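Subject: Structure for your attention

Dear colleague,

I am handing over the structure below, and would be grateful if you could read through it with the notes that follow. Please keep the view open as you go, since the notes move from one part to another.

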Amino acid sequence: MFDVDGTLVDSERDGHRPMFNAAFAANGLPYRWDVEEYGRLLAITGGRRRLAAYLESRGHDPSEAADLAARLHRDKTERMRSLVSGGEIAARPGARELLGELVAQGMRLAVATTGTRDWVEPLLRRLFGQDLFEVVVTGSEVRTLKPDPAAYVEALNRLGLPASRAMAVEDSGNGLRAAVAAGLRCVVVTNDYTRHEDFTGAAAVYRGFAAWRADPAAPLLAGSR
Ligand code: XBP
Ligand code: MG
């Protein structure tokens, strides 16, 4: 069960972040998130929640912040869809190869993300094909986002599997906590934004898919334990 943002794709710094900034600009707002500030804001999962929390921190009252965040997020989601359809978001190196190896071993694949379905679905279709993932649960279908386990619980339900028969792959501490709270073992594949986070409880931590695939003790490639 794979996370998307930061895991299958490096989508945050040069994908979502500039699209949030374009939405600010198009709506006449002076805010711009640089690489560093966006990294701190990633602690709040979900683009709309992230926007609302930020707007409140900039002095917008909570109900105005919620409305404005919803409007900005719709705008940003459209921009993200265009980025995806323009082929601007690539798979992380080695991700496609790993997925192919897992399928060849007869594993069933799923996605559990807090991202919005409107851009997640076209992205997965474009990068990995229509039918690779048997189940795709996005942030649009669950009430609570990671680190809450809801997306993983829903994905397990749709797969019809207990957590003991599945495994999660994540890039972040929030994602790891969501997976562990759902009872899943979790491999972490870090990226520049997450490599210093606390991954206590992970089954393994790798810097990338190449490192994972090269590791003879790799938990999934070695079969389920
Ligand atoms: C990803 C998120 C998402 C993206 C932006 O977390 O938190 O909110 O940053 O996408 P994870 P949306 O990788 O743990 O799923 O704007 O569509 O929410
Ligand atoms: Mg992630």
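Which helices do the buried residues of H3 pack against? They pack against H1, helix H2 (35–41) and H4. The buried residues in question, within the helix that spans residues 47–57, are Gly 47, Arg 48, Arg 50, Leu 51, Ala 52, Tyr 54 and Leu 55. After H3 comes Gly 59, with a positive phi near 100 degrees.

Before going further, I should say that this is a predicted model. The mean pLDDT of the protein is 95, and 98% of the residues score at least 70, while for the complex the predictor reports an ipTM of 0.97 and a pTM of 0.96.

On the overall arrangement, the protein is divided into domain 1 (12–85) and domain 2 (95–214), and the C-alpha centres of the two domains lie 24 Å apart. Where they meet, 13 residues of domain 1 are in contact with twelve residues of domain 2. On the domain 1 side, the elements that contribute two or more residues are H1, H3 and H4, and H4 gives the most, with five residues. By character, the residues on this side of domain 1 divide into three nonpolar, six polar and four charged.

The ligand comes next. Both domain 1 (12–85) and domain 2 (95–214) give residues to the shell around ligand 1, so the ligand lies between them. There are 17 residues around ligand 1, of which Asp 5, Thr 45, Gly 47, Thr 114 and Thr 116 come nearest; the elements that give two or more residues to this shell are helix H1 (12–26) and helix H8 (173–181). The shell holds no nonpolar residues, and is made up of 13 polar and four charged ones. Gly 47 therefore appears twice in these notes, being among the residues that come nearest to ligand 1 and also one of the buried residues of H3.Turning to H8, eight of its nine residues are buried, so this helix is largely enclosed by the rest of the structure. Those buried residues are Gly 173, Asn 174, Gly 175, Leu 176, Arg 177, Ala 178, Ala 179 and Val 180, and they pack against helix H7 (150–159), E3 and strand E4 (185–189). Just after H8, Gly 183 takes a positive phi of about 90 degrees.

Within strand E3, which covers residues 167–170, is Glu 170. Is this charged residue buried or exposed? Glu 170 is buried, because 29 other C-beta atoms lie within 10 Å of its own, and the threshold for calling a residue buried is 20 or more. Leaving aside residues up to four places away in sequence, Glu 170 touches Asp 3, Thr 7, Gly 175, Leu 176, Ala 179, Cys 186 and Val 188. The C-alpha atoms of Glu 170 and Ala 203, which are 33 residues apart along the chain, are separated by 11 Å.

Cys 186, one of the residues that Glu 170 touches, is also among those with the most contacts inside the largest nonpolar core, together with Met 1, Val 111, Tyr 152, Ala 179 and Leu 184. This core has 58 residues, and it draws at least three residues from each of domain 1 (12–85) and domain 2 (95–214). With the same exclusion of residues up to four places away in sequence, Cys 186 touches Met 167, Ala 168, Glu 170, Leu 176, Ala 179, Val 180, Ala 202 and Ala 203.

For contrast with Glu 170, you may wish to look at Arg 81, which lies in helix H4 (residues 62–85). Arg 81 is partly exposed, with 18 other C-beta atoms within 10 Å, and, not counting residues up to four places away in sequence, it touches Asp 118, Trp 119 and Pro 122. The C-alpha atoms of Arg 81 and Asp 118 are separated by 7.0 Å, although the two residues stand 37 apart along the chain.

One last backbone detail concerns the peptide bond from Lys 146 to Pro 147, which is cis, with omega near 15 degrees. Pro 147 is placed in the loop between strand E2 (135–137) and H7. As background to this, most peptide bonds are trans.

With best wishes

Methods:
Residues are numbered from 1 along each chain as its sequence is written. Chains are lettered from A and ligands numbered from 1 in the order in which they are written. This is a predicted model: local features need pLDDT of at least 70, side-chain atom pairs count only at pLDDT 80 or more; totals for chains, interfaces and linings use all residues. A nonpolar core is a set of buried Ala, Val, Leu, Ile, Met, Phe, Trp, Tyr and Cys residues joined through C-beta atoms within 7 Å. A residue is buried if 20 or more other C-beta atoms lie within 10 Å of its own, exposed if 12 or fewer, and partly exposed in between; C-beta atoms are placed from the backbone. Domain bounds come from an automatic or database domain assignment. Two residues are in contact if their C-beta atoms, placed from the backbone, lie within 7 Å. A residue is near a molecule or strand if its C-beta atom, placed from the backbone, lies within 6 Å of it. Helices (H or I, at least four residues) and strands (E, at least two) are DSSP runs, numbered from the N terminus. Ala, Val, Leu, Ile, Met, Phe, Trp, Tyr, Cys and Pro count as nonpolar, Asp, Glu, Lys and Arg as charged, and the others, Gly among them, as polar. pLDDT is the predictor's confidence in each residue, from 0 to 100.
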